Amino acid sequence: MNNFNNKFLKLFNFVLIILFLNYLEFYFIKKVTETSNLIGDEDSSLKENLKLNKIEKLINSLVKGEEKEDKQATTIQNQAQVQTTTAFENMEMDRKAITSTTTSTSTPTQAQSSNSNSNSNFDKRMKKEEEEAKEASPLSTPKETQIEDEVDSKKSEKEKEKEKEKNQTTTSTTSIIKEEGLESNQNEKYNEHEHGHEHENEHENKNQNQNQNQNQQPSQQEKDELTQKIELIKKLIKESDSILIGGGAGLSLAAGLDNEGLKFEENFKDFIEAYGFTDLYSGGFYPFKTIEEKWGYFSRNCVTYIDATATKLYKDLLRLVKEKDYFVLTTNVDDQFEKAGFPSQKIFATQGDFTHLQCSIPCHNKLYESIDLLKEMVSKTVDRKIPTELIPKCPRCGKPMTTHLRVDNAFVMDEYWYQQQAAYEAFLHRNEDKRLLLLEFGVGFNTPSIIRFPFERQTMQHEEWHLVRFNKDYAGLIVRGYPGDTLNDWAMLKTLRYPNHFQDRFIPVSEDLNEVVKRLLE
């Protein structure tokens, strides 16, 4: 009996142990499962947080990028404002573009004492003008690169609804933005649609332009660009109150005063054979060994231009403007305006002429008419040299005399020079509030600070002024970033933005000048 009881107890204990072990196994499996689920939930949460962090970083980068673009846009606008301010400040200096510090015209004594300083300031001003023009063109920013303001106002209602739907799918992302304080009209969403919206606007504008063109008369559609320019210039001439002509070397070349017209190879055969000169202008800078040979070349050069008669082109220009109040500013020294019939009181020739001599020092501020002397030199020249006794000397100091051509600071600006400068300034002042048409002929980049650059700035300042530039190679404007010297394409120039819509009041003409003037007179 005792043995049976012992066996029963052992069996019972064994069953209890098995049951306990089963319980422990079940307990541990349950705990492990719960732990695994917990880890899984934490992993999912971690992944979600990582996704949100990535989204947040992406949005932050977009916002920062947008801020960077805003800063760049602000910088561009600030630069444009600075350039605009500089341009308008320079406009006030245009009346002194010829002599920046000399304004007095009272007495010859005052002119003589200031001559040296005036020439120095004049040359410095020209160099400064040329450097400024090369560094930056006058506010030439294409329309397509301008920062578009008020994008929100251009969004259609449908686009806003689509954006709201997208906002609902990005609630968690938006909440992150709000927590970080980075929500500012959700500009990042506008960027998704802006490009397509611009194309829609361009398509609409193109359709409108096509409809407008269809309503125009067929003859207007068939007109070439030159015809449009000529008709516009005719209209401007008719409606203008006054006309300002700017004449450069290209005008005389177009008029026929070139190597062929002046018979350079025939008249200067001995100098060409000796020194290889290719034109009259370059020969004037050759360092001749003797003063007799120097005057042998200069006297023949001067007489060649003195003997040249008035050309048809200059006469046609007078016909073009004679019914208007006009004035002529020129860097030419050939007297072609006067020979064609332009009154001398309406001409300011800033660079001198071939008919006068001056002291080479100069010791005094006076010019000497010398046509007869120059012709005598030519007639007595032997082996490219004039007789020594014909070498002109200053009647006051005895030093050699020289031609009255601006080549250095010794150029004499006498009383008459200042008188014509004052007449030019008075003409500009008289027409400040009038419809002034500026006609620029053949002005390049030899001395652009006298005519070319001032004409641009003056026209920018005055909303009623128009500028027409006739130039075979450089009819357009200097444009920053443009690979060529000037941008000459009229259509492209109209896409630029200048003060007071200057681009709409500027006409470049590169076609043959004689043909254009002929058509303007028809």
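Me: Why is lysine 518 called partly exposed in this predicted model?
Reply: Its relative accessibility is 48%. Buried means under 20%, exposed means over 50%, and partly exposed is in between. Therefore lysine 518 counts as partly exposed.

Me: Where is lysine 518 placed?
Reply: Lysine 518 is in helix α19, residues 513–520. The C-alpha atom of lysine 518 is 9.5 Å from that of leucine 320. Along the chain, these two residues are 198 residues apart.

Me: Why is there no bond between the sulfur of cysteine 363 and the closest cysteine sulfur?
Reply: The closest cysteine sulfur is in cysteine 394, at 3.5 Å. A disulfide needs the two sulfur atoms within 2.5 Å. So the sulfur in cysteine 394 is too far for a bond.

Me: What makes cysteine 363 partly exposed?
Reply: Its relative accessibility is 30%. The partly exposed class is in between under 20% and over 50%. Cysteine 363 therefore counts as partly exposed.

Me: How do you know that the sulfur of cysteine 397 is too far from the closest cysteine sulfur for a bond?
Reply: That closest sulfur belongs to cysteine 359, and the separation is 3.7 Å. The cut-off is within 2.5 Å, so this pair is not a disulfide. By this rule, the count of disulfides comes to zero.

Me: Why is cysteine 397 called partly exposed?
Reply: Cysteine 397 has a relative accessible area of 34%. Buried would need under 20%, and exposed would need over 50%. So cysteine 397 is partly exposed.

Me: Which peptide bond is cis, and what is omega there?
Reply: The bond that joins isoleucine 361 and proline 362 is cis, with omega about -10°. Proline 362 is found in the loop between β5 (352–359) and β6 (368–369). Most peptide bonds are trans.

Me: What is phi at lysine 263, and why is this residue called partly exposed?
Reply: Phi is about 55°, positive although lysine 263 is not a glycine. Most residues other than glycine have a negative phi. Lysine 263 lies in the loop between α8 (249–254) and α9 (264–267). Its relative accessibility is 48%, so lysine 263 counts as partly exposed.

Me: What is phi at aspartate 335, and what makes this residue partly exposed?
Reply: Phi is near 60°, a positive value in a residue other than glycine. Aspartate 335 is in the loop between β3 (325–330) and α14 (336–340). Its relative accessible area is 26%. Buried means under 20%, so aspartate 335 is partly exposed.

Methods. Residues numbered from 1 in each chain as written. Predicted model: local features only at pLDDT ≥ 70, side-chain atom pairs only at ≥ 80, totals over all residues. Heavy atoms only, no water. Helix = DSSP H or I, 4+ residues; strand = E, 2+ residues; numbered from the N terminus. Buried < 20%, exposed > 50% of the residue type's maximum accessible area, 1.4 Å probe, protein only.
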